[in-house]
Amino acid sequence: MNISHIEHLGIAVENLEESIKYYEGVLGLKCYAVEEVVDQKVKTAFFMVGSTKIELLESTSPDGPIGKFIEKKGPGMHHLAFAVKDTDEALKTAEERGVQLIDKVSRKGAEGLSIGFLHPKSTHGVLTELCSKK
Ligand code: ZN
């Protein structure tokens, strides 16, 4: 799989602006980017913590993946993202090792990264994202 580090933690929030206030005002982190990912129906905000990011996700539509997640489980930890060398290769390896995939091939995520998700049924309950620069 060639995992180098935890690229980011994805956290589902109800209100991006209010959440940013907590991460900046209480934790003292700095939001360095806000970006909308239209096909995921989310607005994201990024914070750097060492070499790991925190990605806050606010749904732009109740029928988007984050909207549905919050409706079912409420706001909170949503996914864990590992940095890999090549997302497509890592997805293939995961599938060969018996993991159920959400994405058979990578797609474009925030920050222009190639991303792909493993199904939480195969990962002991943690929605797992793989991402790479290519
Ligand atoms: Zn993510």
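Me: Where does the side chain of Thr87 reach a backbone oxygen, and how should I read such a feature?

Reply: In this predicted model, the side chain of Thr87 comes to 2.8 Å from the backbone oxygen of Ser114. A second polar contact, at 2.9 Å, joins the side chain of Thr87 to the side chain of Ser132. Thr87 itself belongs to helix 3, which covers residues 87-96.

Me: Is Thr87 buried or exposed, and which residues does Thr87 touch?

Reply: Thr87 has a relative accessible area of 0%, and is therefore buried. Leaving aside residues up to four places away in sequence, Thr87 touches Ser106, Ser114, Ile115, Gly116, Leu130, Cys131 and Ser132. Two of these names, Ser114 and Ser132, are already familiar from the polar contacts of the Thr87 side chain.

Me: May we turn to the metal, and which residues coordinate the zinc ion?

Reply: The zinc ion is held by the NE2 atoms of His8 and His79 and by OE atoms of Glu55 and Glu129, at 2.0 to 2.3 Å. Read along the chain, these donors follow the spacing H-x46-E-x23-H-x49-E. Distant parts of the chain are linked here, for Glu55 sits in strand 4 (residues 52-59) and Glu129 in strand 8 (residues 128-132), with their positions 74 residues apart in the numbering.

Me: Why is the arrangement of the 4 donor atoms around the zinc ion called irregular?

Reply: One looks at the angles that the donor atoms subtend at the metal, and for a tetrahedral label all of them would have to lie between 85 and 135 degrees. Around this zinc ion the angles of the 4 donor atoms run from 82 to 175 degrees, so the arrangement is irregular.

Me: Are Glu55 and Glu129 buried or exposed?

Reply: Glu55 counts as buried because its relative accessibility is 6%, and Glu129 counts as buried because its relative accessibility is 4%.

Me: How is empty space found, and how much of it lies in the largest pocket?

Reply: The general idea is that rolling a probe the size of a water molecule over the atoms shows where empty space is left. In this model, the largest pocket holds about 810 Å³ of space. Its lining is made up of 33 residues, and Pro65, Ile66, Phe69, His78 and Leu127 are those that lie nearest the centre. Two or more lining residues come from each of strand 1 (5-13), strand 3 (42-49), strand 4, helix 2 (65-73), strand 5 (76-83) and strand 7 (114-118). Helix 2 gives the most to this lining, with 6 residues.

Me: What can phi tell me about Glu111 and His124?

Reply: The general idea is that most residues other than glycine have a negative phi. Glu111, although it is not a glycine, has a positive phi of about 60 degrees, and Glu111 lies in the loop between strand 6 (107-108) and strand 7. His124, in the loop between strand 7 and strand 8, likewise has a positive phi, near 60 degrees. With a relative accessible area of 31%, Glu111 is partly exposed, whereas His124, at 81% relative accessibility, counts as exposed.

Me: Finally, what surrounds Ser19?

Reply: Ser19 lies in helix 1 (residues 16-26) and is buried, with a relative accessible area of 13%. A polar atom of the Ser19 side chain lies 2.7 Å from the backbone oxygen of Asn15. Beyond residues up to four places away in sequence, Ser19 touches Val13 and Leu56.

Key
Residues numbered from 1 in each chain as written. Predicted model: local features only at pLDDT ≥ 70, side-chain atom pairs only at ≥ 80, totals over all residues. Heavy atoms only, no water. Donors = N, O, S within 2.8 Å, 3.2 Å for Na, K, Ca; no water. Tetrahedral: all angles 85-135°; square planar, octahedral: opposite > 155°, others 65-115°. Helix = DSSP H or I, 4+ residues; strand = E, 2+ residues; numbered from the N terminus. Buried < 20%, exposed > 50% of the residue type's maximum accessible area, 1.4 Å probe, protein only. Polar contact = N/O pair within 3.5 Å; in protein donor to acceptor, adjacent residues only side chain to side chain. Contact = heavy atoms within 4.5 Å. 1 Å grid on protein atoms, 1.4 Å probe; cavity = no way out; pocket = protein on both sides within 12 Å on 5 of 7 lines; lining within 4 Å. Points joined across faces, edges and corners; volume = space filled by probe spheres on them.
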